[in-house]
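Please examine the sequence and the structure shown here. The paragraphs that follow lead from a single contact to the sheet, the core and the cysteines.

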Amino acid sequence: GKKCPKCLSYDSVVKIAYGYPGNEMIEKYEKGEIRLGGCTLDDRNPDYHCNKCNYEWNKDSPHIGSYAESDEEK
């Protein structure tokens, strides 16, 4: 698995999936295997999300990411 560049957790990193979520994506999301990134795609979108500390980053620049809000606040 991937390692979070901030909290260094190994088992909490999930890939962020973009686009309209079909049944398969929703199942994976409910199992906690992916995070839904929404339908907007651009180059600055993060690729990975850490479920432990909420840090999100792009695979090309892991140290210039940002912290996501938790799901409860949306």
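This is a predicted model. A suitable place to begin is the backbone nitrogen of Arg 44, which lies 2.7 Å from a polar atom of the side chain of Asp 42. Asp 42 itself belongs to the loop between β2 (34-36) and β3 (48-50). With a relative accessible area of 33%, Asp 42 is partly exposed.

The strands on either side of that loop lead to the sheet. Five strands form an open sheet in the order β2-β1-β3-β4-β5, and their pairing is mixed. Because β2 and β5 (61-67) each have a single partner strand, they stand at the edges, and one side of each is left without a neighbour in the sheet. On average, neighbouring strands of this sheet are turned by 35° against each other, direction ignored. In general, the strands of a sheet pair through backbone hydrogen bonds, in either a parallel or an antiparallel sense. Here, β1 (residues 13-17) and β3 pair in the antiparallel sense, over three bridges. Within this part of the sheet, Val 14 stands opposite His 49 in β3. A helix also meets the strands: α1 (residues 23-30) lies across β1 and β2 and runs at about 115° to β2.

The next topic is the interior. In soluble globular proteins, nonpolar side chains tend to be buried together. In this model, the largest nonpolar core has six residues, namely Cys 4, Val 13, Tyr 48, Cys 50, Tyr 55 and Trp 57. Two elements, β3 and β4 (55-58), give two or more residues to this core. Tyr 55 may serve as an example of a core residue and its surroundings. When neighbours within four places in sequence are left aside, the contacts of Tyr 55 include the core residues Cys 4, Tyr 48 and Cys 50. Tyr 55 is also in contact with residues further along the chain, among them Pro 62, His 63, Ile 64 and Tyr 67.

The cysteines deserve a separate look. How many disulfides does the model contain? The count comes to zero. Cys 50 is in no disulfide, for the nearest cysteine sulfur, that of Cys 7, is 3.7 Å away, whereas a disulfide requires two cysteine sulfur atoms within 2.5 Å. Is Cys 50 buried or exposed? Cys 50 is buried, with a relative accessible area of 0%. Cys 39, by contrast, is exposed, with a relative accessible area of 54%.

Terms used
Residues numbered from 1 in each chain as written. Predicted model: local features only at pLDDT ≥ 70, side-chain atom pairs only at ≥ 80, totals over all residues. Heavy atoms only, no water. Helix = DSSP H or I, 4+ residues; strand = E, 2+ residues; numbered from the N terminus. Buried < 20%, exposed > 50% of the residue type's maximum accessible area, 1.4 Å probe, protein only. Polar contact = N/O pair within 3.5 Å; in protein donor to acceptor, adjacent residues only side chain to side chain. Core = buried A, V, L, I, M, F, W, Y, C linked by side-chain atoms within 4.5 Å. Contact = heavy atoms within 4.5 Å. Pairing = 2+ DSSP bridges. Axes fitted to C-alpha atoms, helices over the stretch in contact; angles between N-to-C directions.
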